[in-house]
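Me: Hello! I am new to this structure and would like to walk through it with you, one question at a time.

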Amino acid sequence: MAKRCLYFLALSACLLAFLRRAPAQTKASPSPIVLHAARLLDIETGRISSPGEVLVQGERIAEAGSAVTHPAGAQVLDLGDTTLLPGLIDSHVHLFLHPGAEDLQTVQESVPQRTIVATLAARDDLMAGFTAERDMGTEGAGSASTAVRNAIDKGLIPGPRLRVSGNAVDILGGHEDAIGYNPEQRVLPNATYANNPAELVAVIREQIKEGADFIKMYETGEDSFRNGQFSTPYQYTEAELSVAVGEAARVGKRVAVHATGEPGALYAVRAGVASVDHAYQLSDETMRLMHEKQIPAVPTFTIAEYFAEHPSSPEEATWGQMLEFHAQQFREQLAAGVPMAIGSDVGPFPHGTQAREFVLMVKYGMTPLAALQADMINGAKLLGWQGEIGALKPGYFADIVAVPGNPLQDISVVQKVAFVMKGGIIYRK
C-alpha cells in the first residue's frame, strides 16, 4: 500500500511539472502569426511549395502557400530547413495504458491514478506532433476518457483533439475478459459485457450518456498463429453488430471494431462499421466491401513490432512471424484498394513514439505520400473532422507541425517533429 501511495504521489508531481511547462495561454493569440519554413506540403496533391508559409489568425488558418500576407503586427516565426505539415493523427491510441502487463494495470491501479497517467500520455502525444487522436478504449477506466477530453477542450491540460469511446464492449469470456484468474476473486474485465442485442443497446446508451464519441467493440479474439496459419474466433454475429451500428447511428455515432481476421471482419464490414482495426487477415469479399464502402483498415504495425521485440511470454515469441504475415496481408489489401488510416495502438509501448507507424506503413508497401494521406485525409474523415483538420487550407484549424527535411524523401523525419501548433497555440518550437 505504501509503495502505491508513493507511486501515486510521484505521478501527481510529474503531472504538475508537465503542466507548469505547458503554454500559459489557453486561447490562440489575438495577433496574427506567420509561419515560414523551407517547404510546405499540400497533402491532397502531394505538391511541395518552397518556401512555405502559413498565416494563422486566431485558431484557424487564413492563408497557406509559398508566400502569404504579412499583416501589420504579425509575429513571424522562421522555422528554417523544415517542412510544414498538418498535425499528425493517430486513429488508434490507448491513453490509459502504459508499458507493462495490461491486465494488471486494471487490477492494481485506481481509475484516478490511471487518469493522471492518461493526461501525461496526452501531452506526450501532442508534443510528438499528434494533434488529433481516437482513444480506442480505456481498458477498464470506464468513462474517464470523457474527463480527459473535456479538460483538453477547455484548455485546462495540453493534449490532442480527442474522439473517445470509454470502455470497449466485449462478450463474457471474450478477448478482454479477465481470464486466468481465480474465479472467486471476481477480477473485473478490461471491457464492458454485452452478450445479446438487448444488452448491446443498453451498454451503448449508457456509454453515450457518459460522453462517448463512438463505440468500440471487440469482434475477434483470442488470436492464434500456428504453423503459418492465423485464426481468430468471432464474438458477435452480423445481426448483433447491425443492432449496435443501428443504435449508435440513431444518435449520430459510429462503431469501430477490433477485428483481426475472419469471419468476424466480414460480419463487421457487412454491418457497416466505421473502421476495421488491426486487420491482420481479410478475405477477398471483405476487402471488396471495404473498398466499395470506403471502410478503412487501421493496421497498427507498431504494436506488433513492439511485442515481437519485447516478448513477455513464450506465446508472444510468435509476434515476429505474425508481423511478417500481417505485412504480406497488408500488401494484398493495398492491391485490393482497401483504404487505410494510421493508428499505432500506442499505450503498451511508450506514448509519444508512435510516429514509427508511418515508417512501417512505408516499409510494408505504401509510398510516403500515400502514408501521409492515409493519416491526414482518411484520419480526419474517420474522426469526423473532415474539412477542419488534415490539411493546411484556409478555414481549417491551425493544427500544424514542422519536421526536418522532406518527408516525401524520408518518411522517418515525422519521428523528429520540431514544432507543434494546435488551434493556433504553439506547444513546441
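Reply: Happy to help! Let us begin with a term: a residue is called buried if its relative accessible area is under 20%. Please keep in mind that this is a predicted model.

Me: Let us try that term out, then. Is Ala 341 buried or exposed?
Reply: Ala 341 is found in the loop between α10 and α11. Buried requires a relative accessible area under 20%. Ala 341 has 0% relative accessibility, so Ala 341 counts as buried.

Me: How far is the C-alpha atom of Ala 341 from that of Ser 91?
Reply: Along the chain, Ala 341 and Ser 91 are 250 residues apart. In space, their C-alpha atoms are separated by 6.9 Å.

Me: Let us move on to the aromatic rings. How many aromatic pairs are there?
Reply: Two rings pair if their centres lie within 6.5 Å. By this rule, the number of aromatic pairs is ten.

Me: What kind of pair do Phe 230 and Tyr 280 form?
Reply: Their ring centres are 5.9 Å apart, with 80° between the planes. An angle over 60 degrees counts as edge-to-face. The pair formed by Phe 230 and Tyr 280 is therefore edge-to-face.

Me: Which parts does the pair of Phe 230 and Tyr 280 tie together?
Reply: The two residues are 50 apart in sequence, so their pair ties together distinct parts. Both Phe 230 and Tyr 280 are buried. Phe 230 lies in strand β15 (residues 229-231), while Tyr 280 lies in the loop between β17 (275-278) and α8 (284-293).

Me: What kind of pair do Phe 301 and Phe 330 make?
Reply: Phe 301 is in helix α9 (residues 301-309) and Phe 330 in helix α10 (residues 319-335), 29 residues apart. Both Phe 301 and Phe 330 are buried. Their ring centres are 5.0 Å apart and their planes stand at 90°, so the pair is edge-to-face.

Me: Which residues form one aromatic cluster with Phe 230 and Tyr 280?
Reply: Phe 230 and Tyr 280 both belong to one aromatic cluster. The other names in that cluster are Phe 225, Tyr 306, Phe 307, Trp 319, Phe 325 and Phe 349.

Me: At what distance from the ring centre of Phe 397 does Arg 60 lie?
Reply: Arg 161 has its charged end over the ring of Phe 397, at 3.9 Å from its centre. Arg 60 also lies over the face of Phe 397, and its distance from the ring centre is 3.9 Å.

Me: Now for the sheets. Which strands stand at the edges of the open sheet of four strands?
Reply: This sheet has the order β5-β4-β1-β6, with mixed pairing. Its twist averages 20° from one strand to the next. An edge strand has a single partner, so one side is left without a neighbour in the sheet, and the strands in that position are β5 (60-65) and β6 (75-78).

Me: Which residue in β5 stands opposite Leu 55?
Reply: Strand β4 (residues 52-57) pairs with β5 over five bridges, in the antiparallel sense. The residue of β5 that stands opposite Leu 55 is Glu 63.

Me: What is the bridge partner of Leu 88 in β9?
Reply: An open sheet of three strands has the order β8-β9-β10, with parallel pairing. Its edge strands are β8 (88-93) and β10 (161-164). Four bridges join β8 to strand β9 (residues 130-135), and there the bridge partner of Leu 88 is Phe 130.

Me: Which residues of strand β13 are buried on each face?
Reply: In a regular strand the side chains alternate between the two faces of the sheet. Strand β13 (residues 215-218) is covered on both faces. One side has the buried Ile 215 and Met 217, and the other has the buried Lys 216 and Tyr 218.

Me: Last come the helices. How do α11 and α12 lie to each other?
Reply: Helix α11 (residues 356-363) packs on helix α12 (residues 368-382) with axes 9 Å apart, at an angle of about 130°. Their crossing is right-handed. The angle makes α11 and α12 oblique.

Me: And how do α7 and α8 lie to each other?
Reply: Helix α7 (residues 264-271) and α8 have axes 9 Å apart and pack at an angle of about 25°. α7 passes α8 in a left-handed crossing. Angles under 35 degrees count as roughly parallel, and α7 and α8 are therefore roughly parallel.

Conventions
Residues are numbered from 1 along each chain as its sequence is written. This is a predicted model: local features need pLDDT of at least 70, side-chain atom pairs count only at pLDDT 80 or more; totals for chains, interfaces and linings use all residues. Side-chain values use heavy atoms; hydrogens and water are left out. Rings of Phe, Tyr and Trp (its six-membered ring) pair if their centres lie within 6.5 Å; planes under 30 degrees apart count as stacked, over 60 as edge-to-face and the rest as tilted. Buried means under 20% relative accessible area, exposed over 50%, partly exposed in between (1.4 Å probe, protein chains only). A charge sits over a ring if NZ of Lys or CZ of Arg is within 6 Å of the ring centre and within 35 degrees of the ring normal. Two strands pair if DSSP finds at least two bridges between them. Axes are lines fitted to C-alpha atoms, for helices over the stretch in contact, and angles run from 0 to 180 degrees between N-to-C directions. Angles under 35 degrees count as roughly parallel, over 145 as roughly antiparallel, 65 to 115 as roughly perpendicular and the rest as oblique. A crossing is left-handed if the near helix is turned anticlockwise from the far one by less than a right angle, and right-handed if clockwise.
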